[in-house]
Amino acid sequence: MMKLFRYPTLRATWALLLLGVAIAATTAQIAHSQPPKRNPPTLIDTVRQATARFRDINVAIAEGWAPATPCVSGPDAGAMGVHFNQPARQADGTVPPDAPQFLIYEPMADGSMRLVGVEFFVLVSDWENKNGAGPGVLDGNLMNLVPFPNRYGLPAFYEMHVWAWEDNPKGTFADWNTRVNCDKEAGT
């Protein structure tokens, strides 16, 4: 073994090997002592956390949410539900993922309302005044552009539905949900 250490190349190789083992052992110890990294919350997680209390519609009403639409349904695409908003909320060109502009409820047979999702909404002009030209983005997701003229009679706007409380076969961010319907809305 002593003969091996007479050659500088072999000494260097052994030194590097021992150094690598020492680094690997230290790295393993540090990695083992660190808490595991958690994935950041998804948009749906954020929406659920922000709106969980509104599953009880009485809480939403007590906090100033009011019906903004009747139950919105399509002939073959499912429904959106009844949209509630807070009229006192001021548009400022931002779309915080924990502050949707609309809560969406599905009317139930017993007259109650079940929270199924939310809708984010911002006028294009407000978005561009705050963020510059470019598409509306919510937590890394492109919002849908509804140009003017539109069936709502509104200026051009960006919107995005998030089906946080009812699975949607068409996708979490699709406008229409085939598992939501308006059949039980009072007066229909």
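The following questions and answers concern a predicted model of one chain.

Q: Why is Gln86 called buried?
A: Buried means under 20% relative accessible area. Gln86 has 17% relative accessibility, so Gln86 counts as buried.

Q: Where is Gln86 found with respect to the strands?
A: Gln86 lies in the loop between strand 3 (79-85) and strand 4 (102-107).

Q: What makes the pair formed by the side chain of Gln86 and the backbone oxygen of Glu63 a candidate for a polar contact?
A: A polar atom of the Gln86 side chain lies 2.7 Å from the backbone oxygen of Glu63, and the cut-off for a pair of N or O atoms is within 3.5 Å. The distance therefore satisfies that cut-off. Glu63 is also among the residues that Gln86 touches, along with Gly64, Trp65 and Gln101, when residues up to four places away in sequence are not counted.

Q: What makes a set of residues a nonpolar core, and which members of the largest one touch the most other members?
A: Such a core consists of buried residues of types such as Val, Leu, Met, Phe and Tyr, joined through side-chain atoms within 4.5 Å. The largest core has 32 residues, of which Leu103, Tyr105, Phe120, Met143 and Val162 touch the most other members. Strand 5 gives the most to this core, with five residues.

Q: Which residues is Met143 in contact with, leaving aside neighbours within four places in sequence?
A: Met143 is in contact with Val95, Phe120, Phe121, Val122, Gly136, Val137, Leu138, Tyr158, Glu159 and Met160.

Q: How many of the 188 residues count as buried, as a percentage?
A: Of the 188 residues, 33% count as buried.

How values were computed. Residues numbered from 1 in each chain as written. Predicted model: local features only at pLDDT ≥ 70, side-chain atom pairs only at ≥ 80, totals over all residues. Heavy atoms only, no water. Buried < 20%, exposed > 50% of the residue type's maximum accessible area, 1.4 Å probe, protein only. Helix = DSSP H or I, 4+ residues; strand = E, 2+ residues; numbered from the N terminus. Polar contact = N/O pair within 3.5 Å; in protein donor to acceptor, adjacent residues only side chain to side chain. Contact = heavy atoms within 4.5 Å.
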